[in-house]
Amino acid sequence: PTPWRPKADLKIPVAVAVPPRATTNQTRLSDDEIIWTAYASAAERERSCHLPVMLLAAIGEVESSSLRGRTLDAAHDAVPPVRGPALSGGAFSAIRDTDGGRYDGDPVWDRAVGPMQFIPGTWRIWGADGNGDGVDDPQNIEDAALAAAGYLCAGGRDLSRPADLQAAI
């Protein structure tokens, strides 16, 4: 099979392509800057696997439209929370509840949660505390980005190798 490569006309939405800027205590970063900074920080923390920050940005765009239509609260949690449809079969896989509704609010079926759309059972394995507050929360952009980075880099993958990049995606 041909290795995955981005299309030449791939457009990165402005919402995730905003570079971080210097701030002072009086200046709050915009939500787009917070999101971008979370992706960049997660990629840097997983630098040994050569994780492209734009891969995290692309996943965030595909999975939650880079949180468009939502805001981030002071803790950088998505408001309102990102919850996908019930995974009850039909158009989606059927995945019975794995978290008692803790993350997705559904005690019957699982739903993908957070900016990077983790299934609760997967979050239980890969969840990460990206912001250092002692809690791994799939709705927190720093936690979700770091968890996605860890998941993509699992098993010693080197994402500069096309086969590893394709396997990660």
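This report describes the fold, core, cross-links and some local backbone features of a predicted model.

**Overall layout**

The chain contains 5 helices and 2 strands. Read from the N terminus, these elements follow the order α-α-β-β-α-α-α. Of the 169 residues in the chain, 41% are buried. Among contacts with a separation of 6 or more, 48% are between residues 24 or more positions apart.

The helices are α1 (31-45), α2 (53-64), α4 (141-152) and α5 (162-168), together with α3 (120-126). The strands are β1 (71-72) and β2 (78-79).

**The nonpolar core**

The largest nonpolar core is made of 34 residues. Within this core, the residues with the most contacts are Y39, L51, L56, M116, I141, L152 and L159. At least two core residues come from each of α1, α2, α4 and α5. The largest share belongs to α4, which supplies 8 residues.

**How α1 and α4 pack**

Two packed helices are described by the angle between their axes and the distance between the axes. For α1 and α4, the axes come within 8 Å and cross at roughly 35°. The crossing of α1 past α4 is right-handed. On the α1 side, the contact is made by I34, I35, A38, Y39, A42 and R45. On the α4 side, I141, E142, A145, L146 and A149 take part. Two of these residues, Y39 of α1 and I141 of α4, are also among those with the most contacts inside the largest nonpolar core.

**The disulfide**

The structure has 1 disulfide. This bond joins C49 and C153, with the sulfur atoms 1.9 Å apart. C49 sits in the loop between α1 and α2, while C153 sits in the loop between α4 and α5, so the pair ties together parts that are 104 residues apart in sequence. Both C49 and C153 are buried.

**Salt bridges**

There are 5 salt bridges in the structure. The table gives three pairs, including the N to O distance for each.

| Pair | N to O distance |
|---|---|
| R28 and D31 | 3.4 Å |
| R68 and E61 | 2.6 Å |
| R161 and D164 | 2.5 Å |

The arginines of these pairs are partly exposed: R28 has a relative accessibility of 47%, R68 has 43%, and R161 has 43%. The acidic partner E61 counts as buried because its relative accessibility is 18%, under the 20% limit for a buried residue. D164 falls under that 20% limit as well, with a relative accessible area of 15%, and is therefore buried. The pair of R68 and E61 thus joins a partly exposed arginine to a buried glutamate. In the pair of R161 and D164, a partly exposed arginine likewise meets a buried aspartate.

**A buried asparagine**

N140 lies in the loop between α3 and α4. Is N140 buried or exposed? With a relative accessibility of 1%, N140 counts as buried. Which residues does N140 contact, leaving aside its neighbours within four places in sequence? They are A75, H76, D77 and N131. One of these contacts, H76, is found in the loop between β1 and β2.

**Backbone features**

Most residues other than glycine have a negative phi, and most peptide bonds are trans. Several places in this chain depart from that pattern, among them S65, H76 and the bond between V79 and P80.

S65 has a positive phi, near 55°. S65 is located in the loop between α2 and β1 and is partly exposed, its relative accessible area being 33%.

H76 also has a positive phi, near 75°. As noted above, H76 belongs to the loop between β1 and β2 and is in contact with N140.

The peptide bond that joins V79 and P80 is cis, with omega about -10°. P80 is placed in the loop between β2 and α3.

Definitions and conventions:
Residues are numbered from 1 along each chain as its sequence is written. This is a predicted model: local features need pLDDT of at least 70, side-chain atom pairs count only at pLDDT 80 or more; totals for chains, interfaces and linings use all residues. Side-chain values use heavy atoms; hydrogens and water are left out. A nonpolar core is a set of buried Ala, Val, Leu, Ile, Met, Phe, Trp, Tyr and Cys residues joined through side-chain atoms within 4.5 Å. Buried means under 20% relative accessible area, exposed over 50%, partly exposed in between (1.4 Å probe, protein chains only). Helices (H or I, at least four residues) and strands (E, at least two) are DSSP runs, numbered from the N terminus. A salt bridge is a side-chain nitrogen of Lys or Arg within 4 Å of a carboxyl oxygen of Asp or Glu. A disulfide is a pair of cysteine sulfur atoms within 2.5 Å. Contact means heavy atoms within 4.5 Å. Axes are lines fitted to C-alpha atoms, for helices over the stretch in contact, and angles run from 0 to 180 degrees between N-to-C directions. A crossing is left-handed if the near helix is turned anticlockwise from the far one by less than a right angle, and right-handed if clockwise.
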